[in-house]
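Subject: Structure handover

Hi,

Here is the structure I promised to pass on. Have a look at it first, and then read my notes below.

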Protein chains: 2
Amino acid sequence: MNEAAPQTRIQKRNTRVILDAALEIFSQHGFRGATLDQIAQAAGLSKPNLLYYFPSKEAIHVALLSGLMDTWLDPLRRLDPEGDPVEEIVGYVRLKLQMARDFPRESRLFANEIVQGAPRILDQIEGPLKALVDEKAAVIGTWAEAGRIAPLNPHHLIFSIWATTQHYADFDAQVRGILPADAAPFEEAETFLADFFRRALSIR
Amino acid sequence: MNEAAPQTRIQKRNTRVILDAALEIFSQHGFRGATLDQIAQAAGLSKPNLLYYFPSKEAIHVALLSGLMDTWLDPLRRLDPEGDPVEEIVGYVRLKLQMARDFPRESRLFANEIVQGAPRILDQIEGPLKALVDEKAAVIGTWAEAGRIAPLNPHHLIFSIWATTQHYADFDAQVRGILPADAAPFEEAETFLADFFRRALSIR
DNA sequence: ATTTCGTTTGACCGTTTGGTCAAATCCGGG
DNA sequence: CCCGGATTTGACCAAACGGTCAAACGAAAT
């Protein structure tokens, strides 16, 4: 079997269906809390059929995580060293919040994994993720040194952006439990976070 | 059995030992990922002995969550309406960050629970937690209206404090994977967050 | 029509898991 | 020292779980 090149279109379709179902289940229950039967049912397939496309439960999980990592990092990659510093960062905040709104399952998948020590993706964190963050932190650092934004630790600034935006996906249950029933968390958050980061960053 | 008043001192000791062991295991693996055998071993007791003190695995989990909720909310309760607005809020940030540093297991326990939809504590969130947050948000709201801090949505300001501080406990694996090996995440975070919130809040 | 290869499944297996129970052990008060 | 209730445990159970396998099915090509 040629693993590098997935062949038939039915194979492509089923792996997609499986990964989507697995995302739904894993993000809701975590790796250990999810069962192959649940994933199989959500995918509309039988359990042995799942294991025809993926060798194990863990293989599905790993495939999900590494396949999603790129998408997840994309907004940060777009932070432009040539742009206006405050607008670039606030724009990144907005993009990240939109991702939390539009892809909450992906956010919770990572959250589940990292809260439990990131056993399956620690190497990806220490490798490509760290490299990208270091690169962009350096950009923000030069902005700070040039006096174009407030002098704040760039790495921790990035952490604060991740924390505040992903909060609305990962802790959705808490946010909605506290806000009034008719509130629109993500719309309110967009206004708040844009103001908030703009105030913290701009030099006056 | 009188449930309202735990009797013997051996009962008190063992329930404490069990809850501490359960905190360790649940916070590392989540509810579904933790096993009674793991908890029993961590507590130095046999599995049937655990179930002599608690009727079920879920009962241990619930006891932990509700017992910790009070402690967890204490810093917010101390936010003083009569104090200096910016200093009160920055002080709250500091306290919350210290809790993340000193009680990461508690933080991760809640994180695990809420990420998965808070099925076991949704009523506590919508009840006492919401009440306290609404009360303190109102205080912050009057500060904002009086022009003593920047005009920011109080509820979302509180969310941003929770998100940024708990991030260092819940996503510790990621933070340490990205920061240099010799970094001191919590010390850096204290400086960063104090500056950050002070800049965002203060009127200049 | 037959071959061939990709796909699907019912039945099954060994292990793990939460929980039970009767019997044994411990321990303080009389 | 003895008694009765509190405590502890080895043995056990049923269900759930991840995973296997041989057999059946499907469809396209010859």
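Before the DNA surfaces, a word on classes: Ala, Val, Leu, Ile, Met, Phe, Trp, Tyr, Cys and Pro count as nonpolar, Asp, Glu, Lys and Arg as charged, and the others, Gly among them, as polar. On that scheme, the surface near DNA strand C has 8 nonpolar, 7 polar and 3 charged residues.

Some housekeeping. This is a predicted model, so local features need pLDDT of at least 70 and side-chain atom pairs count only at pLDDT 80 or more, while totals for chains, interfaces and linings use all residues. Residues are numbered from 1 along each chain as its sequence is written, chains are lettered from A and ligands numbered from 1 in the order in which they are written, and side-chain values use heavy atoms, with hydrogens and water left out.

DNA strand C

A residue is near a strand if one of its heavy atoms lies within 4 Å of it. There are 18 such residues around DNA strand C, and Thr8(A), Ile10(A), Arg32(A), Tyr53(A) and Lys57(B) come nearest. Sugar or phosphate provides 60% of the strand C atoms within 4 Å of the protein, and bases provide the rest. α1 (9–33) and α3 of chain A, plus α3 of chain B, each give at least two residues to this surface; helices here are DSSP runs (H or I, at least four residues), numbered from the N terminus.

Now the polar contacts (pairs of N or O atoms within 3.5 Å; within protein, one must be able to donate a hydrogen and the other to accept it, and residues adjacent in sequence count only if both atoms are side-chain atoms). The side chain of Arg32(A) has an N or O atom 2.7 Å from a phosphate oxygen of strand C. Asn49(A) puts a polar side-chain atom 3.2 Å from a sugar or linking oxygen, and Lys47(B) has one 3.1 Å from a base nitrogen.

DNA strand D

Around DNA strand D there are 18 residues, of which Lys57(A), Thr8(B), Ile10(B), Gln11(B) and Tyr53(B) come nearest. Sugar and phosphate make up 60% of the strand D atoms that come within 4 Å of the protein. Phosphate oxygens of strand D lie 2.9 Å from a side-chain N or O atom of Arg32(B), 3.2 Å from a polar side-chain atom of Ser46(B) and 3.0 Å from one of Tyr52(B).

The two copies

How do the protein chains relate? A turn of 180 degrees and a shift of 0.0 Å along the axis lay chain B on chain A with an RMSD of 0.1 Å (least squares on C-alpha atoms of residues with pLDDT of at least 70 in both). The two copies are thus related as by a two-fold rotation axis. In chain B, Ala200(B) comes closest to that axis, its C-alpha being 2.1 Å away.

Inside chain A

All 17 of the 17 residues of α8(A) are buried, so this helix is largely enclosed by the rest of the structure; buried means under 20% relative accessible area, exposed over 50%, partly exposed in between (1.4 Å probe, protein chains only). At the helix start, a side-chain oxygen of Asn153(A) comes within 3.0 Å of the backbone nitrogen of His155(A).

One for your backbone check: Ala118(A) has a positive phi near 50 degrees without being a glycine. Ala118(A) sits in the loop between α6 (104–115) and α7 (122–145) of chain A, and counts as buried at 0% relative accessibility.

Cheers
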